[in-house]
Amino acid sequence: MVSFSDFFHHLDWQGMLWMLVQILAVLLCLTVHETCHGLAAYLLGDPTAKQMHRLSFNPLRHIDPFGALMMLVAGFGWAKPVPVDMRYFKHPKSGMALTALAGPVSNFVLAYLALCLRALLITVGYQVEAESVLLIWVIDFLATVAILSVGLGLFNLIPVPPLDGSKVLGALLPDRIYYTILRYERIGMLLLVVVLWSGALDGGLVWARDGVLDWLARAASAPFRMLLG
């Protein structure tokens, strides 16, 4: 019989730590995304998210288990939608579009800030010749946040209901078509899950994600490259 000490000794601690880093990154990206949806709606006059305690950085209020799993497996996923009542908006369609856009925009901002902090830590580590294990893990965590955050933002910009892109596009559509699309959001979500599992979107999404990440990384690291000469 294998002793407890032997079992403990043979655990893949490196793999477990890496999984923890990924889970924390997913929770951060999804929480920022949904909280910013709710905050945008609140600023535009809709108190629904606030009343339902969704203006919160507690990830448990925002996580859709399957959507979070998809982010871990495929790098693209979703959270539990923030409730929005567009009747509170002065201009319902444009208010809904701005509320929807707040989620992906927040993800791109989060990715940029993560890359800025990563570049700073790399620069500091280079200057002091630090080889701290903790520093390396933090740098890897920030890179993971950037990758997942950009992936989440881009995926949600796809103009298929119920993703945010459909509501942004909907602001340009006639009311009859717009409200018809809203009624069939659940069917759209089912189709998206099937397409995502099939891998049909992987190539385009990965190409777009890598392009945005490259641009953000260049912008984030430029000041530190100048500092290093």
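**Salt bridges**

I began with the charged pairs of this predicted model and counted four salt bridges. In one of them, the side chains of Lys93 and Asp175 meet with N to O at 3.0 Å. I then looked up where the two partners sit: Lys93 belongs to helix 5 and Asp175 to helix 8, residues 175-183, so this pair ties together parts that are 82 residues apart in sequence.

I also checked how far each partner of this pair is covered. Lys93 has a relative accessibility of 15% and counts as buried, because the cut-off for buried is under 20%. Asp175, with a relative accessible area of 45%, is partly exposed.

**Pairs at Asp210 and Asp214**

My next entry concerns Asp210, which forms a salt bridge with Arg209, and here the closest N and O atoms are 3.7 Å apart. Arg209 is buried, with a relative accessible area of 13%, whereas Asp210 is partly exposed at 40%.

I then turned to Asp214, whose salt bridge with Arg218 has its closest N and O atoms 3.0 Å apart. Both Asp214 and Arg218 lie in helix 10, residues 202-228, and they are four residues apart, which is about one turn of the helix. For accessibility I noted 39% for Asp214, which counts as partly exposed, and 52% for Arg218, which counts as exposed; the latter label follows because exposed means over 50%.

**Nonpolar cores**

After the charged pairs I looked up the buried nonpolar residues, and I found that the largest nonpolar core has 14 residues, with Val26, Cys29, Leu30, Met71, Val145 and Leu148 as those with the most contacts inside it. I asked which helices supply this core, and found that helix 2 (13-43), helix 4 (65-74), helix 5 (92-128) and helix 6 (133-156) each give at least two residues. Helix 2 gives the most, with five residues.

I took Val145 as a residue to follow in detail. Leaving aside its neighbours within four places in sequence, I found Val145 in contact with Ala25, Leu28, Cys29, Leu110 and Ala114. A second core, separate from the largest one, has 11 residues, and I noted Met70, Phe155, Leu163 and Leu192 among them.

**Cross-reference**

Reading the entries together, I note that helix 5 appears twice, as a supplier of at least two residues to the largest core and as the helix that holds Lys93.

Terms used. Residues are numbered from 1 along each chain as its sequence is written. This is a predicted model: local features need pLDDT of at least 70, side-chain atom pairs count only at pLDDT 80 or more; totals for chains, interfaces and linings use all residues. Side-chain values use heavy atoms; hydrogens and water are left out. A nonpolar core is a set of buried Ala, Val, Leu, Ile, Met, Phe, Trp, Tyr and Cys residues joined through side-chain atoms within 4.5 Å. Buried means under 20% relative accessible area, exposed over 50%, partly exposed in between (1.4 Å probe, protein chains only). Contact means heavy atoms within 4.5 Å.
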